[in-house]
Amino acid sequence: MCGIAGIYSQNGTPPNSNIVRSMGQTMTHRGPDNFGLSTSGRVAMSHNRLSHLDLSNAANQPFGDQDHLLSYSGEIYNFKEIRSRLQDEFGIVFTTTSDTEVLYHALIEYGIEKCLKALQGMFAFGFYDKSRDTVFLARDRLGIKPLYYLESGSEVYWSSEIKAIAQTLDLAPDPIRTFLAVNNMGEKSTEYTLFKGLRSVKPGTYLEINAHGQPKSTTYYDVLEDFDSDLHRSLSKQSAGSVVAHFDDLFNDSIKRMLVSDAPVGAFVSGGIDSSLVSAIATNCSADLKLFTANVVGKYSEFDDVKVLAKHLHQEVFEYKFEPQMMLRDWAHATYHYDCPIVIHVNAIPFAGVAQLARDNGIKAVLTGEGADELFLGYPALLARRYEKLLRLPARQ
């Protein structure tokens with residue numbers, strides 16, 4: 001997971017590194033394996049590391065020197081391919097086997113725009129280029145990894161979590177957005193938070209921060225770019241079996257890339273089709289894959305389905321039993337880590353317990369089945385099914 005934080009001073013005064021240290025130490029839970037702090041020119045950066053690629057100290061962050069600094073959270077799934085290109089094109093000699101060093105050199109050699117378009121993965125990072133006296137804050141295409149920023153006087157602050165900035169600055173709630181959060185607007189917004197002046201770097205964008213005015217936002221990716229009309233027409237002419245086989249290749253390749261890790265990997269399962277398929281494919285690639293599940297006790301428990309899956313895959317499953325009364329008990333704790341009132345995504349509450357269970361069993365990285373219902377339009381179908389009887393009634397003029 002990792003946590004990043006930093007300050008850029010626009011007036012040229014070196015930022016207070018103790019403040020950045022304090023911001024970073026607020027997020028120790030994001031990266032307990034190492035804490036790093038670096039300064040260069042107008043910039044101070046911190047990094048909380050959760051190590052799963054190159055577990056040595058050589059891959060600790062912030063990564064770089066006085067000319068360039070990188071503080072990064074996430075995972076670049078195609079880092080091996082980018083590493084090979086950097087070696088062939090620029091003769092880069094790598095000193096680690098981490099994706100951090102690959103990202104670092106890709107930013108230097110390719111520049112921010114070309115680098116971001118080449119990346120496949122989930123990430124949020126701050127990168128300082130001293131020659132341009134510019135900090136780049138970037139977030140992955142879908143906004144999987146969080147990144148917040150705020151302008152205060154002549155300084156720009158950023159961090160992986162709102163609480164890291166809040167414990168440093170006196171943040172004031174935005175009354176309108178706070179009110180609308182009751183209607184889940186806080187969870188839905190890709191840019192705005194519930195605090196005045198505090199924003200999230202939007203998915204698929206990067207910010208340029210320098211001494212010449214406000215941060216400049218640039219969109220490097222839009223989800224509509226992934227719609228290929230020629231491919232759509234081509235697939236529509238193929239048989240269902242051919243389309244399924246094509247998807248199967250893409251699906252398997254994606255999971256294999258995500259399994260690249262020097263630390264043990266687990267999987268969160270619910271008994272649903274998406275997490276079951278992900279776990280089944282991952283098991284074919286990794287003989288020892290620990291499974292973790294939240295058994296939401298009661299009418300809607302899926303634990304029996306999970307046990308069937310575990311038996312079929314010949315894998316051990318670890319159960320987090322979530323009783324109804326735990327909802328109120330754990331709501332505040334989950335909200336603290338969620339950085340936003342939990343209204344719609346109440347599944348985050350038992351989810352937090354499963355994450356703790358995985359951590360207690362030595363697992364740092366997990367695969368999940370999140371997204372299949374959105375990708376295959378399952379939720380609209382479920383909504384229509386709810387009103388199916390009503391829709392079948394005869395209509396009157």
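Here are five short exercises on a predicted model, each with a worked solution.

**Exercise 1. Work out how α12 is built: how long is the helix, where does it bend, and which of its residues are buried?**

Start with the length. Helix α12 covers residues 326–338, which is 13 residues, and it reaches 17 Å from its first C-alpha to its last. That is close to the 18 Å expected at 1.5 Å a residue.

Next, look for the bend. You'll find it at A332, where α12 bends by about 35°.

Now for burial: M326, D330 and A334 are buried in this helix. The elements that cover these buried residues include β15 (317–322) and α13 (348–360).

Finally, step just past the end of α12. There D339 takes a positive phi of about 65°.

**Exercise 2. Do the same for α13: what is its span, which residues are buried, and what do they pack against?**

The span goes quickly: α13 has 13 residues and reaches 18 Å between its first and last C-alpha, close to the expected 18 Å.

On to burial. The buried residues in α13 are A348, I349, P350, G353, V354, L357 and A358.

Then ask what sits against them. They pack against the strands β13 (265–268), β14 (290–296), β15 and β16 (365–367), and against helix α12.

Last, check what comes after the helix. α13 is followed by G362, with a positive phi near 80°.

**Exercise 3. Place L116: which helix holds it, is it buried or exposed, and what does it touch?**

First, the address: L116 is in helix α4 (residues 112–118).

Second, the accessibility. Buried means under 20% relative accessible area, and L116 has 0%, so it counts as buried.

Third, the contacts. Set aside the neighbours within four places in sequence, and L116 is in contact with F123, F125, A138, R141, Y206 and Y220.

As an extra check on distance, take T193. It is 77 residues from L116 in sequence, and the two C-alphas are 25 Å apart in space.

**Exercise 4. Describe the largest cavity and the second largest pocket: what are their volumes, and what lines them?**

Begin with the cavity. The count comes to one cavity of 30 Å³ or more, and the largest cavity has a volume of about 120 Å³. Its lining has 13 residues, with R49, L50, Q61, D99 and T100 nearest the centre. β5 (68–76) and α3 (99–110) each supply at least two lining residues. By type, the lining splits into five nonpolar, six polar and two charged residues.

Turn to the second largest pocket, which holds about 160 Å³ of space. Its lining is made of R141, L142, T190, K202, P203, G204, T205, T219, Y221, D222 and V223. Sort these and you get four nonpolar, four polar and three charged.

**Exercise 5. Track down some backbone oddities in loops: where is the cis peptide bond, and what phi values do D54 and D133 have?**

The cis bond runs from Q61 to P62, with omega near 0°. P62 lies in the loop between β3 (43–49) and β4 (63–64).

D54 is found in the loop between β3 and β4. Its phi is near 55°, a positive value in a residue other than glycine. At 10% relative accessible area, D54 is buried.

D133 is in the loop between β6 (121–129) and β7 (134–139). It isn't a glycine, yet its phi is positive, about 50°. Its relative accessible area is 19%, so D133 is buried.

Notes:
Residues numbered from 1 in each chain as written. Predicted model: local features only at pLDDT ≥ 70, side-chain atom pairs only at ≥ 80, totals over all residues. Heavy atoms only, no water. 1 Å grid on protein atoms, 1.4 Å probe; cavity = no way out; pocket = protein on both sides within 12 Å on 5 of 7 lines; lining within 4 Å. Points joined across faces, edges and corners; volume = space filled by probe spheres on them. Nonpolar A, V, L, I, M, F, W, Y, C, P; charged D, E, K, R; others polar. Helix = DSSP H or I, 4+ residues; strand = E, 2+ residues; numbered from the N terminus. Expected span 1.5 Å × (residues − 1). Bend = angle between axes of the 7 residues up to and from the residue. Buried < 20%, exposed > 50% of the residue type's maximum accessible area, 1.4 Å probe, protein only. Contact = heavy atoms within 4.5 Å.
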